[in-house]
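Me: I would like a close look at one part of this model, the open sheet. Please go through its strands, then show what lies around them.

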Amino acid sequence: MLSVENLGIQFGGLKAVSGVNYSVTPGAVNAVIGPNGAGKSTFFNLISGFYQPTSGRITFGGEDVTRMPAHKMATRGVARTFQTTSLFKELPILDNVLQGHRLRMRSGIWDAILRTPRLRSEEREARERAAFALDFVGLSPRDPRPVGMLTQEAQKRVSIAIALATDPKLVLLDEPAAGINPDETEGLVRLIRKMVDQGYTVCLIEHKMNMIMNISDHIMVLHHGQKIAEGAPREIQGNPAVIEAYLGG
Ligand code: ADP
Ligand code: MG
């Protein structure tokens, strides 16, 4: 699985993430928590290849992937969800998911112009993957409605389906429950559990503390870009440094 050693990134004078040592637990829900601005999303951007670290090392499945760009990390099996604001709101669900799958396609411009067998087989595979991913998250590939007309929760499911359509091993979810109501959050918790039951490894950033405590197997706490604690939910709940970070800001 994914490990980082002394991982850091600096923006000008700001150490958004610094000195982080961490290993994702395979087949588990791994939570990353911390106050606003703690560096959680930046950490996800680093481990998914969207940002290049200014220090440290990232390995995935034994391979050094420290400076691997995001599209290559996707081919290795690391997928992340984006906020629902990055969906194509006027397109139906299936088209949104097919867009996501293009990340992993090997065919290029000539395949597209010549309609090569490779392109055709990749398109077929893309449709199969999309149908699988949508079925997994409980949405229909035949739903003709534009994604923008769906509930916030359904849109979250679409972003998870986009990630699953890339056939990932590790799925990074950045605040999947933001902006949805408690009932819908329950549904999302069940979906995340199902992902882990079916063999995906999940890494999750979330603010809703009861959700985190109930769904996570392991929690890492970031504060000012540094890891201040990690462990099982019960260990984290009573940790004085964690309480101090949340209360003291
Ligand atoms: P969190 O997700 O924990 O709320 P972020 O990772 O988004 O926090 O941000 C951590 C810090 O890094 C913040 O101070 C933020 O302003 C800064 N930051 C994040 N991305 C960039 C960037 N691309 N350029 C400059 N500063 C950034
Ligand atoms: Mg964030």
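Reply:

**The open sheet and its surroundings**

Strands β4 (residues 55-60) and β5 pair in the antiparallel sense, over 2 bridges. One residue pair shows this: Thr 59 has Asp 64 in β5 as its bridge partner. The model is a predicted one.

Now the whole sheet. It is open, has 4 strands and follows the order β2-β1-β4-β5, with antiparallel pairing. The edges are held by β2 and β5 (63-64). Each of these two has a single partner strand, so one side of each is left without a neighbour in the sheet. In general, strands of a sheet pair through backbone hydrogen bonds, in either a parallel or an antiparallel sense.

Move along the order to β1 and β4. These strands run antiparallel and are joined by 5 bridges. Here Glu 5 stands opposite Arg 57 in β4.

Next comes the pairing of β1 (residues 2-11) with β2. It is antiparallel too, and it has 6 bridges. Two positions help to trace it. Leu 7 has Val 20 in β2 as its bridge partner. Gln 10 stands opposite Lys 15 in β2.

The link between these two strands is short to describe. β1 and β2 form a hairpin, with 2 residues between them. Gly 12 is in the turn and has a positive phi of about 60 degrees.

The ligand comes next, since β2 has a part in its surroundings. Ligand 1 is surrounded by Phe 11, Leu 14, Ala 16, Gly 34, Asn 36, Gly 37, Ala 38, Gly 39, Lys 40, Ser 41 and Thr 42. Two elements give two or more residues to this shell: β2 (14-23) and α1 (40-47). The largest share comes from α1, with 3 residues. By class, the shell around ligand 1 has 4 nonpolar residues, 6 polar and 1 charged.

Where does the sheet sit in the chain? The domain assignment gives domain 1 as 2-77 + 168-248, and domain 2 as 90-156. The strand β1 (residues 2-11) therefore falls in domain 1, as do β2 (14-23), β4 (residues 55-60) and β5 (63-64). The centres of the two domains, taken over C-alpha atoms, are separated by 27 Å.

The two domains touch. In this contact, 10 residues of domain 1 meet 6 residues of domain 2. On the domain 1 side, α2 (70-76) and α7 (182-197) each supply at least two residues. The largest share of that side, 4 residues, comes from α7. By class, that side of domain 1 has 5 nonpolar, 4 polar and 1 charged residues.

Last, the confidence scores. The chain has a mean pLDDT of 91, and 95% of its residues reach 70 or more. The model scores are ipTM 0.98 and pTM 0.91.

Technical notes:
Residues numbered from 1 in each chain as written. Chains lettered and ligands numbered in written order. Predicted model: local features only at pLDDT ≥ 70, side-chain atom pairs only at ≥ 80, totals over all residues. Near = placed C-beta within 6 Å. Nonpolar A, V, L, I, M, F, W, Y, C, P; charged D, E, K, R; others polar. Pairing = 2+ DSSP bridges. Domains from an automatic or database assignment. Contact = placed C-beta atoms within 7 Å. pLDDT = per-residue confidence, 0-100.
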